[in-house]
Amino acid sequence: MGIFEPFRAIGYTTSSVPFSVQRLGIEAFVTVTVGKAFQIYNCAKLTLVLVGPQLPKKIRALASYRDYTFAAYGTDIAVFKRSHQVATWSNHNAKVNLLLLFGEHILSADIDGNLYIWGFKGIDENLEPVGHIKLDENFTPSCIMHPDTYLNKVIIGSQEGSLQLWNISTKKKLYEFKGWKSSICSCVSSPALDVVAIGCADGKVHVHNIRYDEEIVTFTHSTRGAVTALSFSTDGQPLLASGGSSGVISIWNLEKRRLQSVIKEAHDGSVLSLHFFVNEPVLLSSSSDNSIKMWIFDTSDGDGRLLRFRSGHSAPPQCIRFYANGRHFLSAGQDRAFRLFSIIQDHQSRELSQRHITKRAKKLRVKEEEIKLKPVIAFDCAEIRERDWCNVVTCHMDTAQAYVWRLQNFVLGEHILKPRPENPTPVKACAISACGNFAILGTAGGWIERFNLQSGSSRGSYVDPSERSGSAHEGEVVGIACDPTNTHMISAGYHGDIKVWDFKGRGVPSRWEVGSSVVRIVFNRLNGLLAVATDDLIIRLFDVVASRMVRKFEGHTDRITDMCFSEDGKWLLSSSMDGSLRVWDVILARQIDALHVDVSVTALSLSPNMDILATSHVDQNGVYLWVNQSMFSGASKVGSYASGKRVVSVKLPSVSSTKGSEAEDIDEPVGNSAQIEDALPTLVLQIPDLVTLSSYPKGQWQSLINLDVIKERNKPIEPPKKPEKAPFFLPSVPSLSGEIMFKPTGSTNEAKGGEESSRIKGALAPSVFLQVLQSSAEMKNFSEFTDFIKTLSPSSLDMELRILQIVGDEDEEEPEKLVPIELLLDYFIDETACRNNFDFVQAVIRVFLKIHGETIRRQSRLQDKASKLLDVQRNTWQRVDKMFQSARCMVTFLSNSQF
């Protein structure tokens, strides 16, 4: 158990398993695999509707029927009803690689040639297969299909190149097709009877009549590779779609027996599945490049155009960073894509446009990959000028210029930043100033130049006169950072020289040597600390103003890949190629938590709210999210969930959100847990001169204030109708707490005689509200009472306060009725003075004064307590308001300043 617990993985659309399409009513759904889990998309807009649970092994085959999903993993087959696993079939002794829905049965075939028949009707009662067929020894099944109108018969293709027709009812082989001396990769039935299409590894598509064992036509792919997917059109057009391992989709005209159109570069990887929707000119395709695409054939020339798609990175992401208050993050991958992911809504994730890539590729007759910008190696963003101009700048591999992006429109900007055009070298580092007006670029030749983001013009370069090369650094610029007031700019050279520049004057007021080659730098604008990771596997923290080292962290055993500060500057997170992710406490100067994963972390980013940590890993196309327990746990000490100096082995998050993870200590703990707990900081519940809010839902205490408006709005238009036959109710005694108290059984005379006394006793019995209030006042500790009224609904709390209301002049005759009001005033004075639950208590005070204000005005004994409450309230708020005004003046001053 650690501070960060696995949450879920995002950015995965599909993996290298063919999808399964099913229709429920008028809607179609497609089920795809993502590693060890499956996802279901609505084909109308390709929106994600369901994510299945995690399985022990990767899914190798899929089938679906209505609410049921069948997933083969290893030697087992899991049966799901929606997202709940209802059964597991485990008769196979070898890996299952084929599943076929066959009426009310599922056919499964493994690599050893065993074919099992399963019935999923009444699945809870019988988990055994209905039948078993053993295929020939020299026959390795590679695909399976059911020819239309062929009762109880299936065709099985093999890697050896032959096909066999089996009757699964009699379990007999009826016929064997010799094949074409090439491995069978795919086969599909056509709308025409007795006709099937077969795709081979040599790139040929054979349209075959299985009734007479005659070949009708043969098509050959122009590109090399196997035919991995086939599908016939059913909307009246005689079309056959075929997909190859090169990512090209070919459309063949069966009447003219020729190629009609080709969708070049349809996918970046092998096409896994193709499916024409029933009576629609729409083709669905999936690929191993982590994408699903829908193509529509509605043009006059018969070519298909992209209708909609859902995709993620087709290569591992290299850089990630949170954006927009932690609800989105930017990701740059080795696939030359720059993406924006949403952690809330999957359909909001998208790739940023590089301006008409497809049209330019068609015009130039080149691949889209050749036109796209090279992979991003570093980027920076600023939200402050998002609506005005480009607010993202990116550096690309082996590129002597940087590009800007307008994130509001999700498009590449109009300016290209070219530092030192007379002697260009690749740009290696970039940063955007806190004001969002400037971008600073550093190159491999040691040159640093500042640009205006609005115009794209250069605004001067930073040159160190002491350098022989006449640039900022002798070698490559590893990192650049700016302070929050545009006073200083910090740069780091590869050879270990750190320089602090005057942002406007471009001089070098201070510099220092690290003593080792710098790998990466991260600057925190809140505390002014610069974290520097070097080749000696040590992280050093420098105070930029004092120009001295203040912290030194050691622990990583391999190259440090990334670092980031928490928003408050108290934590520093670092990752390494040794597979570890470590959390360092900057104040205590020690490690407070460490995780170890099987796949090394390449990049990480902590959200501004500090609730979500995002990581990318080697050879993983997705981004993994971890939840920060310190934001949600009720524990008062970090040590209750942090691992201290121990390194805890944790599994990566799955596609479906998880509640926890299996953890295992791989290092011996240093000291006992009590010592670690004492060494770690304690979460302070009350900060001097500040007020503490209740963490109570805002809607609850706002509903309490506006309860009258809510009741008026929800008032029924018509009066309630009396039922024809009133139901029988047990006799009960009314109580103020709302609980039903049944009258004890007894004689009729006793019931009649004691009826009046029972009503009086029930009316005079104190409620739970008053009991808790009185006990808290006796103990002089109102925390129990606060916790109690928090559990009440707004209407219940309003009722309890109104019950104490005094009407007329009854208070003069019965002064004991004023006692509950006095106790409530004492409670408000105590809670306001303690400055706890400030927002909730203010709401209760407002309702209390609204109900009992007139009573307090008439009673002098209550006026004194009300005056005391007013003084406490004024003193408490004045302290907070003074700090608000100071901060407001500072913000106003800085906003009007010209940097």
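**Figure 1. Helix 13 in the predicted model, end to end**. Helix 13 covers residues 838-858, which is 21 residues. From its first C-alpha to its last it reaches 28 Å, close to the 30 Å expected at 1.5 Å a residue. It isn't straight, though: there's a kink of about 65° in helix 13, and the kink is centred on His-852.

**Figure 2. Helix 4 alongside helix 13**. Here helix 13 turns up again, this time with helix 4 (residues 698-705). Their axes come within 9 Å and cross at roughly 15°. Angles under 35 degrees count as roughly parallel, and helix 4 and helix 13 are therefore roughly parallel to each other. The crossing of this pair is left-handed. On the helix 4 side, look for Trp-701, Leu-704 and Ile-705; helix 13 answers with Asp-839, Phe-840, Ala-843, Val-844, Arg-846 and Val-847. Sorted by class, that contact between helix 4 and helix 13 comes out as seven nonpolar and two charged residues, with no polar ones.

**Figure 3. Helix 8 packed on helix 12**. Helix 8 (residues 768-779) meets helix 12 (residues 819-834) at an angle of about 60°, and the two axes sit 10 Å apart. That angle makes helix 8 oblique to helix 12. As for handedness, helix 8 and helix 12 make a left-handed crossing. Helix 8 brings Phe-769, Leu-770, Leu-773, Gln-774 and Ala-777 to the contact, while helix 12 brings Pro-820, Leu-823, Leu-824 and Tyr-827. Tally the contact of helix 8 with helix 12 by class and you get eight nonpolar residues, one polar and no charged.

**Figure 4. Helix 8 again, now with helix 9**. Swap partners, and helix 8 packs with helix 9 (residues 783-791) at about 160°, their axes 8 Å apart. Anything over 145 degrees counts as roughly antiparallel, so helix 8 is roughly antiparallel to helix 9. Val-768, Phe-769, Val-772, Leu-773, Ser-776 and Met-779 make the contact from helix 8, and Glu-784, Phe-785, Phe-788 and Ile-789 make it from helix 9. The class split for the contact of helix 8 with helix 9 is eight nonpolar, one polar and one charged. Phe-769 and Leu-773 of helix 8 appear in the contact with helix 12 and in the contact with helix 9.

Definitions and conventions
Residues are numbered from 1 along each chain as its sequence is written. This is a predicted model: local features need pLDDT of at least 70, side-chain atom pairs count only at pLDDT 80 or more; totals for chains, interfaces and linings use all residues. Side-chain values use heavy atoms; hydrogens and water are left out. Helices (H or I, at least four residues) and strands (E, at least two) are DSSP runs, numbered from the N terminus. The expected span of a helix is 1.5 Å times one less than its number of residues. The bend at a residue is the angle between axes fitted to the seven residues ending there and the seven starting there. Axes are lines fitted to C-alpha atoms, for helices over the stretch in contact, and angles run from 0 to 180 degrees between N-to-C directions. Angles under 35 degrees count as roughly parallel, over 145 as roughly antiparallel, 65 to 115 as roughly perpendicular and the rest as oblique. A crossing is left-handed if the near helix is turned anticlockwise from the far one by less than a right angle, and right-handed if clockwise. Contact means heavy atoms within 4.5 Å. Ala, Val, Leu, Ile, Met, Phe, Trp, Tyr, Cys and Pro count as nonpolar, Asp, Glu, Lys and Arg as charged, and the others, Gly among them, as polar.
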